Amino acid sequence: MTLRLIPDAARAVPSRPNSSISPTRPSAGHADRGGGSDQPVMGRRPSPRRADHPVLDMVVPVYNEERDLGPSIRRLHAFLLERFPYPFRITIADNASTDGTLPLARALAAELPGVAVDHLELKGRGRALHAVWSASDADVLAYTDVDLSTDLSALLPLVAPLISGHSDVAVGSRLSRGARVVRGPKREIISRCYNLLLRWLLRVRFRDAQCGFKAIRADVAAHLLPHVADTGWFFDTELLVLAERCGLRVHEVPVDWVDDPDSSVDIVATALADLRGIV
C-alpha cells in the first residue's frame, strides 16, 4: 500500500450523507476456532484511487451522549486536521439515542467537514461498530470512546502499522509497559482480573481487551466481522480472539488513559456480560 501525505485543507474527506443503516454481514471465508480459513485473511487492498478516499474512518459510538458529544467531536476533528497526515472521516454511530444526541450529531456533520452520522435503531456498541465498519470505504477502521479517555497522541502509533501493512489489528493497552493510567481502584481491579481470566482461559496474548481505542485493516475486517456474534461490550474481545486464532498480527500500543468519572458505563454489568461472553 503506497500512501502520500495530504495537505491540511484536504484531509477531511467529504462526508457521506447522514444515513440510517442496518447491520449486514458480507460473505467471507470461514475462520474457525482452530485458526483455519477457506479464504486468505491477509489479502491487500489496492491503493486509494481518489484524493478524497479516506485512509482512516474513526467511529465514535454514542448512546445518549448529548452533553459530551459536541466538545469531543470538535476536539477529535481538530486533532486529526492538525496531526494526522492522511485523509480521514469521523463517523458518529448513534445507537438508538433517546435524547438530543442524534440532532446534535447531524448538526456537527453539517458544520465540520469530514464528519458523518449513521443511526441505528438498536443499542449495542458491537452492533454499531459491525454495521459502520462493514459499510465503510476506508482502508483502516478504528474507534474511540466518546469521552476520549485515551490520549489521542497514541492514534498515529496505533494505525501506522496497519497503513504500512505490518500488522492486521491494533489495540490501545492500559496494561502494557509504558502506559500511564488514572482510574479508581474498582475499575482497575475488575479490568486486571478480566484480562487475567482471558489469558488463563482463552490463552490469549494481548494484554488489554477492553480499552476503547482499537483499529483494524478493512480487508481483515471483511473476513473477521461476519464471524463476530456479540453486539455489545464483548465485541472487542471476540474480535481479538478470532484474530489471534487466525494467526493475524495484533499490535499493542501503550496509551495514556484518564478515567471519566461521569461515564455512563455500568462497569459491573459490563464485566458480567464479558464473563458470559468468555463462557
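**Exercise 1. Find which residues T150 touches beyond its sequence neighbours, and place T150 in the chain.**

Step 1: Leaving out residues up to four places away in sequence, T150 touches C211, F213, V255, D256 and W257. Touching, or contact, means heavy atoms within 4.5 Å.

Step 2: Now the address: T150 sits in the loop between β5 (140-144) and α4 (155-164). Helices (H or I, at least four residues) and strands (E, at least two) are DSSP runs, numbered from the N terminus.

Step 3: T150 counts as buried because its relative accessibility is 3%. Buried means under 20% relative accessible area, exposed over 50%, and partly exposed in between (1.4 Å probe, protein chains only). One of its contacts, C211, is buried too, at 0%.

A quick note before going on: this is a predicted model, so local features need pLDDT of at least 70 and side-chain atom pairs count only at pLDDT 80 or more, while totals for chains, interfaces and linings use all residues. Residues are numbered from 1 along each chain as its sequence is written, and side-chain values use heavy atoms, with hydrogens and water left out.

**Exercise 2. Work out how β2 is covered and which strands it pairs with.**

Step 1: Look at the cover first. Seven of the seven residues in β2 are buried.

Step 2: Sort them by direction. L56, M58, V60 and V62 point one way, D57, V59 and P61 point the other way, and all are buried. That fits a general pattern: in a regular strand the side chains alternate between the two faces of the sheet.

Step 3: Find the partners. β2 runs parallel to β3, with seven bridges joining them, and parallel to β5, with four bridges. Two strands pair if DSSP finds at least two bridges between them. For instance, V62 has D94 as its bridge partner in β3, and L56 has V140 in β5.

Step 4: Add the helix. β2, α1 and β3 make a right-handed β-α-β unit. Right-handed means that, with the strands pointing away from the viewer, the path from the first strand over the helix to the second runs clockwise.

**Exercise 3. Describe the surroundings of P61.**

Step 1: P61 lies in strand β2 (residues 56-62), and it counts as buried because its relative accessibility is 11%.

Step 2: Setting aside neighbours within four places in sequence, P61 is in contact with A93, N95, R125, L129, Y143, T144 and V146.

Step 3: Compare sequence and space for one pair. P61 and H119 are 58 residues apart in sequence and 9.9 Å apart in space, C-alpha to C-alpha.

**Exercise 4. Identify the residues that touch the most other members of the largest nonpolar core.**

Step 1: Know what to look for. A nonpolar core is a set of buried Ala, Val, Leu, Ile, Met, Phe, Trp, Tyr and Cys residues joined through side-chain atoms within 4.5 Å.

Step 2: The largest core has 41 residues, and L56, I73, L80, F84, L155 and V159 touch the most other members. Elements that each supply at least two residues of this core include β2, α1 (66-83), β3 (88-95) and α4.

Step 3: Zoom in on L56. Its contacts more than four places away in sequence include L80, F84, V140, L155 and V159.

Step 4: Don't stop there! A second, separate core of 36 residues includes V171, A218, F235 and I278.
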